[in-house]
Amino acid sequence: SENSANPDAEFPAGTVGWVQSVDGDRATLNLAGISPLVLPYLSAGTRFSTNDGKTTLELHSRQGLTAKVEAVDATRPVQVGEAIAEVERVLSGNVELAVALCEHLERIEKVDTLGALSSVNLADGFDFIDTHNPHESLADCMFGKLVEADLVSAPTDTSLPAIDSYGLFSPGGTPMWDTFGVADEAPKMAVQRLAPRLRHLLAAKRLRMTANDTTSQLAIAVTLANEATLWTQSTLAAAASSTPFPASTFDSKTRSHPVAPVQVKVGDRLRCEIENVDERSLSVCVFVLDSIGTMSALVTPPQVATLASFPGRSAIDLDTWLQGQFVVRQPPGSAEFIVVASLKPLEATQKRIAEVAQKMGVNRGFIALPRPLELVQLLLDDLAGASSPARTALQTREWVTLPALYTVV
């Protein structure tokens with residue numbers, strides 16, 4: 001028989017949902033705790049467990065927040081209203097970049113743009129672009145042309161693109177100023193010119209799909225600081241840990257745990273620190289998604305192995321290698337500092353970053369990735385180990401992707 005859960009119940013930290021109803025070995029879950037960035041790409045085979053670990057539930061189908069699951073490993077029946085945690089995240093390999101077409105495009109412009117986008121090959125295995133109108137569903141970016149009204153939000157200290165030139169806009173309609181071309185450019189040529197940026201946007205989307213700072217069992221904290229402000233983001237495991245954070249090199253400033261992204265100014269120099277509150281050594285990669293959608297990776301000197309094996313109960317001040325090079329740049333907008341830490345070695349990812357850096361003649365600091373999709377796939381392979389090419393299965397408790405968000409003003 002089926003029963004209804006009480007959605008007002010209080011659940012432990014790290015909970016991704018609760019059991020709404022039970023029918024024998026099958027159950028219905030509400031997954032309100034899963035990030036909306038991840039939820040659309042959860043595939044059949046994703047596994048959840050009760051908080052005591054005595055019942056494992058495997059996803060069969062999902063519609064919105066409602067998931068149909070079946071018990072696959074149970075020492076007791078699951079109970080209605082019980083909190084559930086994520087155990088294994090199965091992601092589809094077929095992830096599309098959602099590009100909306102701005103409404104002020106003429107019909108012939110939309111036809112030409114659709115044709116151009118459908119033929120863009122972002123990378124082998126990643127030529128997935130989904131196009132739609134802005135109000136149909138959530139877009140990752142919008143393609144359109146600049147109109148007079150857009151200039152109201154233009155930065156005062158940058159040269160403005162031509163009216164009627166084609167470029168990209170954020171999902172909220174803010175122009176990505178550096179993406180616009182000349183006024184007489186054809187839509188097809190504009191799409192081809194923008195392909196590198198689309199690669200970065202899709203790579204960033206795939207990287208964000210690994211975010212699990214509320215469900216991972218790894219205790220990690222990331223601290224960013226400019227001259228005026230210091231702020232820390234941490235996993236729930238770190239925040240709930242009874243073990244104090246390791247000694248910080250930022251002790252002279254007061255920690256803050258912001259609800260909203262901290263605002264930083266163009267030209268600010270940021271310092272960064274990673275703290276491993278866990279007892280176990282971790283393998284770490286660091287990325288930045290800047291306000292124009294470019295994905296960069298941190299390069300450390302070849303003789304430094306700290307990030308390949310980040311000792312437990314220790315802190316790393318990344319300024320040791322950055323040496324003041326992490327400077328906030330134009331244009332204004334949202335940006336992310338992302339730390340990926342894993343119990344499994346991130347060997348292939350770290351090796352590729354080192355190879356790219358060597359070709360570019362860079363031995364420290366952040367480098368914009370020429371083939372970001374390829375690198376994200378290597379990262380997913382490292383995190384998943386042996387996994388099917390059609391899907392990626394990640395053990396949630398064995399890695400963490402922790403973003404620290406900030407807003408450039």
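**Strand S7, the mixed sheet and an aromatic cluster**

In S7, the residues Leu97, Val99 and Leu101 point to one side, Ala98 and Ala100 point to the other, and all of them are buried. The model is a predicted one. In a regular strand the side chains alternate between the two faces of the sheet. Strand S7 covers residues 97-101 and is mostly covered, with 5 of its 5 residues buried. Its pairing with strand S9 (residues 141-145) is parallel and runs over 3 bridges. Within that pairing, Ala100 has Met142 of S9 as its bridge partner.

Another part of the model holds an open sheet. It is formed by 6 strands in the order S13-S21-S18-S15-S16-S19, and the pairing is mixed. Strand S13 (262-264) and strand S19 (365-368) are the edge strands, each of which pairs on one side only. On average, neighbouring strands of this sheet are turned by 30 degrees against each other, direction ignored.

Within this sheet, strand S18 (residues 333-342) pairs with strand S21 (residues 399-408) in the antiparallel sense, over 10 bridges. One residue of interest here is Phe337, whose bridge partner in S21 is Ala404. Two helices can be placed against these strands. Helix H6 (residues 372-384) packs on the sheet and touches S15, S16, S18 and S21, with its direction at about 35 degrees to that of S18. Helix H2 (residues 187-208) lies across strand S15 (283-289), strand S16 (295-299), S18 and S21, and runs at about 65 degrees to S16.

Phe337 also takes part in aromatic contacts. The count of aromatic pairs comes to 5. In the pair of Phe337 and Phe366, the ring centres are 6.4 Å apart and the planes stand at 80 degrees; planes over 60 degrees apart count as edge-to-face, so this pair is edge-to-face. The pair links distant parts of the chain, since Phe337 is in strand S18 and Phe366 is in strand S19, 29 residues apart. Phe326 joins these two residues, and Phe326, Phe337 and Phe366 form one aromatic cluster.

How buried or exposed are Phe337 and Phe366? Phe337 has a relative accessible area of 0% and is buried, because buried means under 20%. Phe366 has a relative accessible area of 23% and is therefore partly exposed. Phe366 belongs to strand S19, which is an edge strand of the sheet, whereas Phe337 belongs to strand S18, which pairs with S21.

Definitions and conventions: Residues numbered from 1 in each chain as written. Predicted model: local features only at pLDDT ≥ 70, side-chain atom pairs only at ≥ 80, totals over all residues. Heavy atoms only, no water. Pairing = 2+ DSSP bridges. Helix = DSSP H or I, 4+ residues; strand = E, 2+ residues; numbered from the N terminus. Axes fitted to C-alpha atoms, helices over the stretch in contact; angles between N-to-C directions. Contact = heavy atoms within 4.5 Å. Buried < 20%, exposed > 50% of the residue type's maximum accessible area, 1.4 Å probe, protein only. Phe/Tyr/Trp six-rings, centres within 6.5 Å; stacked < 30°, edge-to-face > 60°.
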